[in-house]
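Got your viewer open? Let's take a walk through this one, selection by selection.

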Amino acid sequence: MGAIALNAVFASRNPDKARELEQLLPGWQVEPLTGGTFPPETGTSYYENARGKALYGRSLEKRPLWVIGEDSGIEVAALDWGPGVFSARFGGDDPVGRMLAALTGIEGEGRRARYISELVAISPEREELRGSGALLGRIGHEPRGSEGFGYDPIFLPEDEERTVAELGNVWKRSNSHRARAARALLEALAAR
Ligand code: IMP
C-alpha cells in the first residue's frame, strides 16, 4: 500500500479522537477542527453522519488539506442491532450502566454485538473517499478494565476473554473498528 502521508483536518471537537486517528494513519498529521458549531447528527446512517461532519469541516477549512469526518456506534443483537447511530444518545453519561440494564435477563446470542466506524475524507478538490470498519464481539456482564471509553469495559471481542478496556489502547490501535476503517480509507486512497 505505499506510504501516502497527508495532512488532514479532523472534523471533530474531540482532540483524543484526532490523536487516535493520527496514530491510525501513519505519516499523516491530523489536527482537530476548532471553532464553529457542528451540525446536529441527523443522518440515518454512520456514513451520512460522518459525511455531514466532513462536509461541515470542508466548508470551514480554506487550506488545501483533506478533511475527515467520523461516526461510530455499537449494535447489539437483543436490541434489534441498535442503538447503532443513536449510540451516543442511548448511553448518555452512563453507557455501561444503560447497556447492562437493557440486557438484563438476556444470555447467549442476544448479547452478540459489534462496533462500527465510518470515516469519510474530502479533498480540497471535493474528491470523496470512505472507509468502514467493524469489530465483532459480545456484551459482558460486568465492567472490567480502565482504558478506552464508552462501552469498552463491557465489550469482549470475538475469541477474547478480556474486555476492550482491559486489552487497552495499544490493542485498539491495531484492532478497533476505527483502526479497520482507517486501513480501509488508506486502501481507498492508494487505489485511486
Ligand atoms: P459518535 O461517533 O461521536 O456519534 O459516538 C458514538 C458512540 O458510540 C460513542 O459515544 C460511544 O458511546 C460509542 N462508541 C464508538 N466507538 C467506541 C469505542 O471505540 N469504544 C466504546 N464506545 C464507542
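**Stop one: the smaller of two pockets**

The second largest pocket has a volume of about 160 Å³. Keep in mind as you click around that this is a predicted model. To see the walls of this pocket, select Trp 81, Gly 108, Arg 112, Ala 113, Arg 114, Leu 136, Gly 137, Arg 138, Glu 158 and Asp 159. Strands E5 and E6 are the elements that give two or more residues to this lining. Colour the selection by character and you get three nonpolar, two polar and five charged residues.

**Stop two: the strands beside it**

Now select residues 112–122 for strand E5 and residues 128–139 for strand E6. These two pair in the antiparallel sense, over eleven bridges. Want one facing pair to look at? Pick Val 120 and you'll find Arg 130 of E6 standing opposite.

Follow the chain round from E5 to E6 and you're in a hairpin, with five residues between the strands. Stop at Arg 126 in that turn: its phi is positive, about 75 degrees.

Next, add residues 155–157, which make up strand E7. E7 runs antiparallel to E6, and three bridges join the two. Put Gly 137 on screen again, one of the residues lining the second largest pocket. Opposite Gly 137 stands Pro 157 in E7.

**Stop three: the largest pocket**

Time to move on to the largest pocket, with a volume of about 1,000 Å³. Its lining takes in 38 residues. Which of them should you select to get to the middle? Asn 14, Lys 17, Ser 72, Phe 149 and Arg 178 lie nearest the centre of the largest pocket.

Then show the elements around the largest pocket as cartoons: helix H1 (15–24), strand E3 (66–76), helix H3 (87–91), helix H5 (164–175) and helix H6 (177–191). Each of these supplies at least two residues of the lining. By character, the lining of the largest pocket splits into twelve nonpolar, twelve polar and 14 charged residues.

**Last stop: two helices from that lining**

Hide everything but H1 and H6, both of which contribute to the lining of the largest pocket. How do you describe a packed pair? Two packed helices are described by the angle between their axes and the distance between the axes. Here the axes of H1 and H6 come within 9 Å and cross at roughly 55 degrees. That makes H1 oblique to H6. As for the hand of the crossing, H1 and H6 cross in the right-handed sense.

Notes: Residues are numbered from 1 along each chain as its sequence is written. This is a predicted model: local features need pLDDT of at least 70, side-chain atom pairs count only at pLDDT 80 or more; totals for chains, interfaces and linings use all residues. Side-chain values use heavy atoms; hydrogens and water are left out. Two strands pair if DSSP finds at least two bridges between them. Helices (H or I, at least four residues) and strands (E, at least two) are DSSP runs, numbered from the N terminus. On a 1 Å grid over the protein atoms alone, a cavity is a set of points where a 1.4 Å probe fits but cannot get out, and a pocket is an open set with protein on both sides within 12 Å along at least five of seven lines; lining residues have an atom within 4 Å of a point. Grid points are joined across faces, edges and corners, and a volume is the space filled by probe spheres set on the points. Ala, Val, Leu, Ile, Met, Phe, Trp, Tyr, Cys and Pro count as nonpolar, Asp, Glu, Lys and Arg as charged, and the others, Gly among them, as polar. Axes are lines fitted to C-alpha atoms, for helices over the stretch in contact, and angles run from 0 to 180 degrees between N-to-C directions. Angles under 35 degrees count as roughly parallel, over 145 as roughly antiparallel, 65 to 115 as roughly perpendicular and the rest as oblique. A crossing is left-handed if the near helix is turned anticlockwise from the far one by less than a right angle, and right-handed if clockwise.
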